[in-house]
Amino acid sequence: MLGLFLAIVTGAGAARNLWFSRTGTTVEGVVVRQIEELSVDWRDDLPGPLGTQQSGIQTAAAERVYRAVVEFQVGNATHEVVANARATVHLYPLGSKVDVLFPRGRPERARLRPELPGFWMQAGILFAATLVGTGSGYTWWKLAVRRARRRRRVVKPAG
């Protein structure tokens, strides 16, 4: 049952991404600024075994990471989309052009095309999810049929 559920969820996500990349509208955007954030990894160099409580103030080293803000035009309106990817270097330098993809008529749901999974990757995931879902569904159905047959057996008393 769990395999069937995971296959359905994974397959639905892959199908949604494939549909989005095939039917969405692509426009060209320009990187207008960078958002600067601090990223902290609390797991590095923790004293003692994980899960133990430490007394006092805990600190961790932070590093500066950047996310690009891309501006694009749809009709007369200007929209912005923030990159999901962040790194210690500028992945998308200021002024560079980036393809932006959004559902028809919904520019507020835009995403950067380079950050979307590739077509063949999503098609492979969808295929694998279909195989796992079919196998799980068939196995579940066979078990249900076997249980039903066991219940139908009627033992007649000798008489």
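**Notebook: contacts, fold order and surface patches**

I began with the contacts: among those in the chain with a separation of 6 or more, 67% join residues 24 or more positions apart. The model I am reading is a predicted one.

Next I went through the secondary structure. I found two helices and five strands in the chain. Read from the N terminus, the order is α-β-β-β-β-β-α.

I then looked up burial and surface. The chain has 159 residues, and 23% of them count as buried. I noted an exposed area of about 12,000 Å² for the chain, with 57% of it supplied by carbon and sulfur atoms.

I turned to the nonpolar surface. Phe-5, Leu-6 and Val-9 make a nonpolar patch of about 290 Å² there. I placed Val-9 in helix H1, which spans residues 2–23. Is Val-9 buried or partly exposed? Val-9 has a relative accessibility of 46%, so I entered this residue as partly exposed. A patch residue needs over 30% relative accessible area, and the 46% of Val-9 meets that cut-off.

Last, I checked the charged surface. Which residues gather in the patch of positive charge? I listed Lys-142, Arg-146, Arg-147, Arg-149, Arg-150 and Arg-151. From this patch I took Arg-147 for a further look. Arg-147 sits in helix H2, residues 119–152. Its relative accessible area is 51%, so I recorded Arg-147 as exposed. The cut-off for exposed is over 50%, and Arg-147 passes it at 51%.

Definitions and conventions. Residues numbered from 1 in each chain as written. Predicted model: local features only at pLDDT ≥ 70, side-chain atom pairs only at ≥ 80, totals over all residues. Heavy atoms only, no water. Patch = residues over 30% accessible without salt bridge, like charges linked within 9 Å, V, L, I, M, F, W, Y side chains within 5 Å. Areas by Shrake-Rupley, 256 points an atom, 1.4 Å probe, with all protein chains shown as cover. Salt bridge = Lys/Arg side-chain N within 4 Å of Asp/Glu carboxyl O. Lys, Arg positive; Asp, Glu negative; His and termini not counted. Charge placed at Lys NZ, Arg CZ, Asp CG, Glu CD. Helix = DSSP H or I, 4+ residues; strand = E, 2+ residues; numbered from the N terminus. Buried < 20%, exposed > 50% of the residue type's maximum accessible area, 1.4 Å probe, protein only. Contact = heavy atoms within 4.5 Å.
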